[in-house]
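Visitor: I have a model open and I'd like to learn how to read it. Could you walk me through some features?

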Amino acid sequence: MEYNNEENICILNHPLIQHKISMLRDKNTGTNEFRKLIEEITLLEGFEALSDLPTVDVEIETPIEKCITPVISGRKLAVVPILRAGLGMLGGILALVPSAKVGHIGLFRDEESHEPHEYFFKLPSLIDERTIVVLDPMLATGSSAADAVSRIKSHGGRDIKFVCILAAPEGVKKLHEAHPDIQIYIGHIDRELNENAYICPGLGDAGDRIFGTE
Ligand code: URA
(Lines give C-alpha, C1' and ligand atoms only; values in the text may rest on other atoms or scores of the structure.)
Protein backbone atom coordinates (compact mmCIF):
# COMPACT_ATOMS: atom_id res chain seq x y z
CA MET A 1 0.00 0.00 0.00
CA GLU A 2 1.35 3.40 -0.94
CA TYR A 3 -0.01 6.84 -0.13
CA ASN A 4 0.62 8.95 -3.21
CA ASN A 5 2.24 11.85 -1.30
CA GLU A 6 -1.26 13.08 -0.63
CA GLU A 7 -3.06 11.86 2.40
CA ASN A 8 -6.39 10.35 1.31
CA ILE A 9 -5.04 8.87 -1.93
CA CYS A 10 -4.12 5.23 -1.45
CA ILE A 11 -2.62 3.09 -4.22
CA LEU A 12 -2.99 -0.58 -3.46
CA ASN A 13 0.14 -2.04 -5.02
CA HIS A 14 -0.24 -5.49 -3.46
CA PRO A 15 1.09 -8.19 -5.85
CA LEU A 16 -2.25 -10.06 -5.82
CA ILE A 17 -4.12 -6.92 -6.85
CA GLN A 18 -1.56 -6.08 -9.55
CA HIS A 19 -1.63 -9.65 -10.91
CA LYS A 20 -5.42 -9.66 -11.13
CA ILE A 21 -5.41 -6.21 -12.79
CA SER A 22 -3.05 -7.60 -15.46
CA MET A 23 -5.55 -10.41 -16.12
CA LEU A 24 -8.33 -7.81 -16.41
CA ARG A 25 -6.37 -5.80 -18.97
CA ASP A 26 -5.96 -8.80 -21.27
CA LYS A 27 -8.40 -8.44 -24.15
CA ASN A 28 -8.69 -12.24 -24.28
CA THR A 29 -10.12 -12.42 -20.75
CA GLY A 30 -13.77 -13.42 -21.16
CA THR A 31 -16.85 -12.06 -19.39
CA ASN A 32 -17.07 -14.74 -16.72
CA GLU A 33 -13.44 -14.42 -15.64
CA PHE A 34 -13.56 -10.63 -15.95
CA ARG A 35 -16.51 -10.45 -13.52
CA LYS A 36 -14.80 -12.72 -11.02
CA LEU A 37 -11.59 -10.69 -11.19
CA ILE A 38 -13.45 -7.39 -10.65
CA GLU A 39 -15.09 -8.82 -7.51
CA GLU A 40 -11.85 -10.32 -6.20
CA ILE A 41 -9.91 -7.07 -6.69
CA THR A 42 -12.70 -5.11 -5.02
CA LEU A 43 -12.67 -7.46 -2.06
CA LEU A 44 -8.91 -7.01 -1.68
CA GLU A 45 -9.17 -3.23 -2.03
CA GLY A 46 -12.19 -3.15 0.28
CA PHE A 47 -10.24 -5.04 2.96
CA GLU A 48 -7.80 -2.12 3.07
CA ALA A 49 -10.40 0.61 2.57
CA LEU A 50 -12.38 -0.64 5.56
CA SER A 51 -9.38 -1.01 7.86
CA ASP A 52 -10.41 2.06 9.87
CA LEU A 53 -14.01 0.99 10.57
CA PRO A 54 -14.78 1.79 14.21
CA THR A 55 -15.12 -1.11 16.63
CA VAL A 56 -16.59 -1.47 20.08
CA ASP A 57 -15.71 -4.06 22.70
CA VAL A 58 -18.47 -6.52 23.64
CA GLU A 59 -18.60 -9.48 25.98
CA ILE A 60 -18.73 -12.88 24.26
CA GLU A 61 -18.79 -16.28 25.90
CA THR A 62 -16.51 -18.77 24.14
CA PRO A 63 -16.77 -22.52 24.89
CA ILE A 64 -13.88 -21.87 27.31
CA GLU A 65 -14.70 -18.58 29.07
CA LYS A 66 -16.13 -15.09 28.76
CA CYS A 67 -14.00 -12.46 27.00
CA ILE A 68 -14.15 -8.85 25.90
CA THR A 69 -13.64 -8.68 22.14
CA PRO A 70 -14.23 -6.10 19.33
CA VAL A 71 -17.12 -5.96 16.85
CA ILE A 72 -17.83 -3.34 14.16
CA SER A 73 -19.75 -0.47 15.77
CA GLY A 74 -22.16 2.16 14.56
CA ARG A 75 -24.51 2.19 11.61
CA LYS A 76 -23.95 -0.31 8.88
CA LEU A 77 -22.05 0.60 5.78
CA ALA A 78 -23.67 2.06 2.68
CA VAL A 79 -22.21 0.83 -0.61
CA VAL A 80 -23.02 2.99 -3.62
CA PRO A 81 -22.04 1.66 -7.05
CA ILE A 82 -22.04 4.18 -9.87
CA LEU A 83 -24.10 2.49 -12.62
CA ARG A 84 -23.41 0.55 -14.46
CA ALA A 85 -19.80 -0.63 -14.18
CA GLY A 86 -19.75 -0.04 -10.41
CA LEU A 87 -22.32 -2.83 -10.07
CA GLY A 88 -19.62 -5.31 -11.01
CA MET A 89 -17.71 -4.38 -7.83
CA LEU A 90 -20.65 -4.68 -5.45
CA GLY A 91 -20.22 -8.39 -4.66
CA GLY A 92 -16.64 -7.76 -3.51
CA ILE A 93 -17.72 -5.36 -0.75
CA LEU A 94 -20.82 -7.40 0.17
CA ALA A 95 -18.58 -10.44 0.62
CA LEU A 96 -16.82 -8.45 3.35
CA VAL A 97 -19.89 -6.75 4.87
CA PRO A 98 -23.00 -8.75 3.86
CA SER A 99 -25.34 -6.55 5.89
CA ALA A 100 -24.32 -3.31 4.15
CA LYS A 101 -27.12 -1.22 2.65
CA VAL A 102 -26.86 -0.47 -1.06
CA GLY A 103 -27.62 2.76 -2.92
CA HIS A 104 -27.33 3.38 -6.65
CA ILE A 105 -26.26 6.35 -8.72
CA GLY A 106 -26.98 6.25 -12.43
CA LEU A 107 -24.88 8.67 -14.45
CA PHE A 108 -24.25 8.56 -18.14
CA ARG A 109 -21.44 10.35 -19.89
CA ASP A 110 -22.30 12.78 -22.65
CA GLU A 111 -20.36 11.38 -25.62
CA GLU A 112 -19.11 14.81 -26.66
CA SER A 113 -18.67 16.84 -23.50
CA HIS A 114 -17.89 13.73 -21.37
CA GLU A 115 -19.92 15.45 -18.62
CA PRO A 116 -22.11 13.26 -16.34
CA HIS A 117 -25.94 13.33 -16.39
CA GLU A 118 -28.05 11.69 -13.67
CA TYR A 119 -30.75 9.15 -14.60
CA PHE A 120 -31.10 7.35 -11.25
CA PHE A 121 -30.31 8.26 -7.64
CA LYS A 122 -31.29 6.38 -4.49
CA LEU A 123 -29.42 6.22 -1.20
CA PRO A 124 -30.08 4.20 1.98
CA SER A 125 -31.77 6.04 4.89
CA LEU A 126 -29.73 7.85 7.58
CA ILE A 127 -26.95 8.34 5.08
CA ASP A 128 -25.34 10.99 7.32
CA GLU A 129 -24.63 8.30 9.94
CA ARG A 130 -23.02 5.76 7.63
CA THR A 131 -19.61 5.13 6.17
CA ILE A 132 -20.26 5.29 2.42
CA VAL A 133 -18.21 3.33 -0.09
CA VAL A 134 -18.66 4.62 -3.66
CA LEU A 135 -17.68 2.14 -6.37
CA ASP A 136 -16.60 2.71 -9.96
CA PRO A 137 -13.88 0.55 -11.51
CA MET A 138 -12.60 3.34 -13.80
CA LEU A 139 -11.66 6.79 -12.50
CA ALA A 140 -11.20 8.38 -15.93
CA THR A 141 -11.92 12.13 -16.23
CA GLY A 142 -13.10 12.19 -12.63
CA SER A 143 -16.25 14.11 -13.61
CA SER A 144 -18.74 11.33 -12.78
CA ALA A 145 -16.94 10.47 -9.56
CA ALA A 146 -16.77 14.09 -8.37
CA ASP A 147 -20.39 14.63 -9.37
CA ALA A 148 -21.55 11.44 -7.60
CA VAL A 149 -19.74 12.46 -4.40
CA SER A 150 -21.25 15.98 -4.58
CA ARG A 151 -24.75 14.47 -4.88
CA ILE A 152 -24.11 12.14 -1.92
CA LYS A 153 -22.85 15.07 0.16
CA SER A 154 -25.88 17.16 -0.77
CA HIS A 155 -28.03 14.35 0.73
CA GLY A 156 -26.04 14.47 3.98
CA GLY A 157 -23.25 11.94 3.32
CA ARG A 158 -20.06 12.85 5.15
CA ASP A 159 -17.81 9.84 5.67
CA ILE A 160 -17.09 8.85 2.05
CA LYS A 161 -14.57 6.48 0.49
CA PHE A 162 -14.16 6.07 -3.26
CA VAL A 163 -12.85 2.73 -4.53
CA CYS A 164 -11.73 2.23 -8.14
CA ILE A 165 -9.55 -0.30 -9.92
CA LEU A 166 -7.83 1.80 -12.59
CA ALA A 167 -7.40 5.56 -12.61
CA ALA A 168 -6.02 8.19 -14.97
CA PRO A 169 -3.83 10.88 -13.36
CA GLU A 170 -6.35 13.50 -14.55
CA GLY A 171 -9.21 11.73 -12.78
CA VAL A 172 -7.36 11.37 -9.50
CA LYS A 173 -6.49 15.09 -9.58
CA LYS A 174 -10.04 16.15 -10.39
CA LEU A 175 -11.67 14.00 -7.70
CA HIS A 176 -9.11 14.86 -5.03
CA GLU A 177 -9.26 18.59 -5.76
CA ALA A 178 -13.07 18.58 -5.75
CA HIS A 179 -13.29 16.47 -2.55
CA PRO A 180 -10.00 16.52 -0.62
CA ASP A 181 -11.84 15.15 2.44
CA ILE A 182 -12.72 11.76 0.93
CA GLN A 183 -10.42 8.75 0.84
CA ILE A 184 -9.62 7.45 -2.66
CA TYR A 185 -8.47 3.84 -3.09
CA ILE A 186 -6.88 2.92 -6.42
CA GLY A 187 -5.58 -0.37 -7.80
CA HIS A 188 -3.31 1.28 -10.36
CA ILE A 189 -2.79 4.74 -11.87
CA ASP A 190 -2.36 4.36 -15.64
CA ARG A 191 -0.54 6.66 -18.05
CA GLU A 192 -3.22 8.97 -19.44
CA LEU A 193 -6.63 9.43 -21.02
CA ASN A 194 -7.01 9.28 -24.78
CA GLU A 195 -9.14 11.69 -26.85
CA ASN A 196 -12.25 9.57 -26.13
CA ALA A 197 -11.60 9.73 -22.38
CA TYR A 198 -10.56 6.07 -22.20
CA ILE A 199 -7.81 5.16 -19.77
CA CYS A 200 -4.55 4.06 -21.48
CA PRO A 201 -3.43 1.31 -21.41
CA GLY A 202 -6.57 0.58 -19.38
CA LEU A 203 -8.84 -2.38 -19.96
CA GLY A 204 -11.36 -1.00 -22.44
CA ASP A 205 -14.97 -0.33 -21.52
CA ALA A 206 -15.45 -1.84 -18.07
CA GLY A 207 -19.26 -1.93 -18.32
CA ASP A 208 -19.18 -3.74 -21.65
CA ARG A 209 -16.65 -6.26 -20.39
CA ILE A 210 -18.59 -6.92 -17.15
CA PHE A 211 -21.96 -7.29 -18.85
CA GLY A 212 -20.80 -8.79 -22.14
CA THR A 213 -22.20 -5.94 -24.24
CA GLU A 214 -20.50 -4.06 -27.05
N1 URA B 1 -14.76 3.98 -18.52
C2 URA B 1 -14.36 2.76 -18.97
O3 URA B 1 -15.08 1.78 -18.90
N4 URA B 1 -13.11 2.66 -19.49
C5 URA B 1 -12.27 3.69 -19.58
O6 URA B 1 -11.15 3.53 -20.03
C7 URA B 1 -12.72 4.95 -19.10
C8 URA B 1 -13.97 5.06 -18.59
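Visitor: Let's start with Leu126: is it buried or exposed, or somewhere in between?

Guide: Keep in mind that this is a predicted model. For burial, you look at relative accessible area: under 20% is buried, over 50% is exposed, and what lies in between is partly exposed. Leu126 has 38%, so it counts as partly exposed. You'll find Leu126 in the loop between β8 (116-122) and β9 (131-135).

Visitor: What is the phi of Leu126?

Guide: Phi of Leu126 is near 50°, a positive value, and the residue is not a glycine. Ala197 is another non-glycine with a positive phi, at about 65°.

Visitor: Where does Ala197 lie, and is it buried or exposed?

Guide: Ala197 is in the loop between β13 (192-193) and β14. With a relative accessible area of 6%, it falls under the 20% cut-off, so Ala197 is buried.

Visitor: Back to the loop between β8 and β9. What about Pro124, which also lies there?

Guide: Same yardstick: Pro124 has a relative accessible area of 12%, so it is buried. To see what surrounds it, skip the residues up to four places away in sequence: Pro124 then touches Ala78, Lys101, Val102, Gly103 and Arg130. Take Val102: it is 22 residues from Pro124 along the chain, yet their C-alpha atoms are separated by 6.4 Å.

Visitor: How much of the contact picture in the chain comes from residues that are far apart in sequence?

Guide: Count the contacts with a separation of 6 or more, then ask how many join residues 24 or more positions apart: here that is 62%.

Visitor: Which peptide bonds are cis?

Guide: Look at omega. A cis bond joins Leu83 and Arg84, with omega about 0°. Arg84 sits in the loop between β5 (78-83) and α3 (87-96). The bond from Cys200 to Pro201 is cis too, with omega near 0°, and Pro201 is in the loop between β14 (199-200) and α6 (206-211).

Visitor: With cysteines around, how many disulfides are there?

Guide: A disulfide is a covalent bond between the sulfur atoms of two cysteines. A search of the whole structure here turns up 0 of them. Cys164, for one, is in no disulfide: its nearest cysteine sulfur belongs to Cys10 and is 11 Å away. For a pair to count, the sulfur atoms must be within 2.5 Å.

Visitor: Are Cys164 and Cys67 buried or exposed?

Guide: Cys164 has 0% relative accessibility, so it counts as buried. Cys67 comes out at 27%, and therefore counts as partly exposed.

Visitor: Zooming out, how does the radius of gyration of the chain read?

Guide: You set it against what a compact globule would have. For 214 residues that would be near 17 Å; the chain has 18 Å, which agrees. The C-alpha trace spans about 65 × 40 × 35 Å along its principal axes. Buried residues make up 47% of the 214, and the secondary structure comes to 6 helices and 14 strands.

Visitor: And the surface and the charges?

Guide: The chain exposes about 10,900 Å², and carbon and sulfur atoms supply 51% of that area. As for charge, tally the side chains of each sign: there are 21 positive and 33 negative ones, and the centres of the two sets lie 4 Å apart.

Definitions and conventions:
Residues numbered from 1 in each chain as written. Predicted model: local features only at pLDDT ≥ 70, side-chain atom pairs only at ≥ 80, totals over all residues. Heavy atoms only, no water. Helix = DSSP H or I, 4+ residues; strand = E, 2+ residues; numbered from the N terminus. Rg over C-alpha atoms; globule rule 2.2 N^0.38 Å. Buried < 20%, exposed > 50% of the residue type's maximum accessible area, 1.4 Å probe, protein only. Contact = heavy atoms within 4.5 Å. Areas by Shrake-Rupley, 256 points an atom, 1.4 Å probe, with all protein chains shown as cover. Lys, Arg positive; Asp, Glu negative; His and termini not counted. Charge placed at Lys NZ, Arg CZ, Asp CG, Glu CD.
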